[in-house]
Amino acid sequence: MARSFSFLLIGILFGITMFKSEAASWFRIYEMFQFKSFHMYGIIGSALVLGILMIQLIKRLKLKSFYGESIEIKDKDKSFYRYSIGGIIFGLGWGLSGACPGPMFTLLGAGFLPIIVVIITAVFGTYVYGKIRHKLPH
Amino acid sequence: MNWIFEPWPWYIGGPMIALVMILLLFSGKSFGVSSNLRTLCTLCGAGKNNDFFDFDWKTQRWNLFIVVGAIIGGWIAIHWLTIDATVHIHPETIAKLNDFKIASAGSAYLPEELFSVNALIQPKVLASLAVGGFLVGFGARYAGGCTSGHAISGLSNLELVSLYAVIGFFIGGLLMNHFLLPYLL
């Protein structure tokens, strides 16, 4: 129960960050792909620099989790096609809807109701992938 | 503390995202939001006739709490932490969007021409949102993750495959932005 609540709090922190940093704004995504502002690149870049440093610290110092367990960071499956083709398909959708899977929920909370269309069709897109994935190159 | 009510600059937004990822790592989990879309399929009963969705959703319950939190966070941010939600994008971008009849550029958080309930009545707008959502959901699962799972978690762990995915995100995004959106807006 306490752990569930901690995840809820982390999610709230994430949602506030997505909204306040404007990463959830269609305009910022559009502007990013126009290369007209450093804003989105600064967000992703600074998160990345801190993330790389922290993961190196976790690995080298063998840091333990809050619950005393060792922190395991699983490597992803090696492949080229699924990541590049899937990535391009995702990018087309990101450029059109201006919403990634996290911000779409933040926008729902912020009261932009048409985003429900994006959420429902994103769930449906995931379902269709699950249905036809055997026929796709991975 | 007044900065909280202003739009957050990248050097606050980026480190906060890193903090979210680090808090999850120290909770024994990894940051990745799009997995929840798969869990939602399972909750809708998709596991009955498809092994991809046939898994114990309770193992992902923590991640659903992240989603519920992201919704609550959006509500808190707009109601309690924002005085003016206008997104101040580059003047040239505003001019370009005005040419595409997106008149709300530079005076709103989201384009009213796409994300207002009135706009949704137009079949073109409805179709754009639906196709956009579909591609995001399909592509994220095909690529095994979205911006959080690859661009933040994966690249932070120096994973080459996440670099392929993120390059793909940008190829797709640039194609949409420069070659397709001009005909869709």
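Student: What is the mean pLDDT of chain B, and what share of its residues reach 70 or more?

Tutor: Good place to begin! Chain B has a mean pLDDT of 96, and 100% of its residues reach 70 or more. Keep in mind that this is a predicted model. As a general idea, where pLDDT is low, the predicted coordinates should not be read in detail. For the model as a whole, ipTM is 0.97 and pTM is 0.97.

Student: Next, the overall build. How many helices and strands does chain B have?

Tutor: Chain B has eight helices and zero strands, so its pattern along the sequence reads α-α-α-α-α-α-α-α. Its C-alpha trace spans about 50 × 45 × 35 Å along the principal axes. Of the 185 residues in chain B, 48% are buried.

Student: And how many helices and strands are there in chain A?

Tutor: Chain A has six helices and zero strands, written α-α-α-α-α-α from the N terminus on. Its C-alpha atoms fill a box of roughly 45 × 40 × 35 Å along the principal axes. Here 53% of the 138 residues count as buried.

Student: How many of the contacts join residues at least 24 apart in chain A?

Tutor: Among contacts in chain A between residues at least 6 apart in sequence, 42% join residues at least 24 apart. For chain B, residues 24 or more positions apart account for 44% of the contacts with a separation of 6 or more.

Student: Now the place where the chains meet. How many residues of each chain are in contact with the other?

Tutor: In general, the size of an interface is often given as the accessible area lost when the parts come together. Here we can count residues instead: 102 residues of chain A are in contact with 106 residues of chain B. On the side of chain A that touches chain B, helix 1 (2-20), helix 2, helix 3 (39-61), helix 4, helix 5 (101-109) and helix 6 (115-132) each supply at least two residues. The residues on that side of chain A divide into 59 nonpolar, 31 polar and 12 charged.

Student: Which residues have the most contacts inside the largest nonpolar core?

Tutor: They are Phe90(A), Met104(A) and Ile115(A), in a core of 94 residues. Try clicking on Phe90(A). Leaving out residues up to four places away in sequence, Phe90(A) touches a set of chain B residues: Leu135(B), Val136(B), Gly139(B), Ala140(B), Ala143(B), Cys146(B), Gly168(B), Phe169(B) and Gly172(B).

Student: How do I read a single helix, say helix 8 of chain B? What is its reach from first C-alpha to last?

Tutor: Compare its reach with the expected span. Helix 8 (residues 160-184) of chain B has 25 residues and reaches 34 Å, close to the 36 Å expected at 1.5 Å a residue. There is also a kink of about 40° in this helix, centred on Asn177(B).

Student: Which residues of helix 8 of chain B are buried?

Tutor: First the general idea: an α-helix has 3.6 residues a turn, so residues three or four places apart point the same way. In helix 8 of chain B, the buried residues include Val161(B), Ala165(B), Gly168(B), Phe169(B), Gly172(B), Met176(B) and Asn177(B). Both chains help to cover the buried residues of this helix: the cover includes helix 2 (26-33) and helix 4 (81-97) of chain A together with helix 7 (147-156) of chain B.

Student: What about loops? Where does Phe35(A) lie?

Tutor: Phe35(A) lies in the loop between helix 2 and helix 3 of chain A. Its phi is near 55°, a positive value in a residue other than glycine. Phe35(A) counts as exposed because 12 other C-beta atoms lie within 10 Å, and the cut-off for exposed is 12 or fewer.

Student: Is Lys62(A) buried or exposed?

Tutor: Lys62(A) is exposed, with 9 other C-beta atoms within 10 Å. Lys62(A) is found in the loop between helix 3 and helix 4 of chain A, and has a positive phi of about 50° although it is not a glycine. The C-alpha atoms of Lys62(A) and Glu72(A) are separated by 9.6 Å, while the two residues are 10 apart along the chain.

Student: One last loop: which residues is Gly106(B) in contact with?

Tutor: Leaving aside neighbours within four places in sequence, Gly106(B) is in contact with His88(B), Ile89(B) and Ile94(B). Gly106(B) and Ile89(B) are 17 residues apart in sequence and 6.1 Å apart in space, C-alpha to C-alpha. Look for Gly106(B) in the loop between helix 4 (91-99) and helix 5 (112-115) of chain B.

Note on methods: Residues numbered from 1 in each chain as written. Chains lettered and ligands numbered in written order. Predicted model: local features only at pLDDT ≥ 70, side-chain atom pairs only at ≥ 80, totals over all residues. Helix = DSSP H or I, 4+ residues; strand = E, 2+ residues; numbered from the N terminus. Expected span 1.5 Å × (residues − 1). Bend = angle between axes of the 7 residues up to and from the residue. Buried ≥ 20, exposed ≤ 12 C-beta atoms within 10 Å, placed from the backbone. Contact = placed C-beta atoms within 7 Å. Nonpolar A, V, L, I, M, F, W, Y, C, P; charged D, E, K, R; others polar. Core = buried A, V, L, I, M, F, W, Y, C linked by C-beta atoms within 7 Å. pLDDT = per-residue confidence, 0-100.
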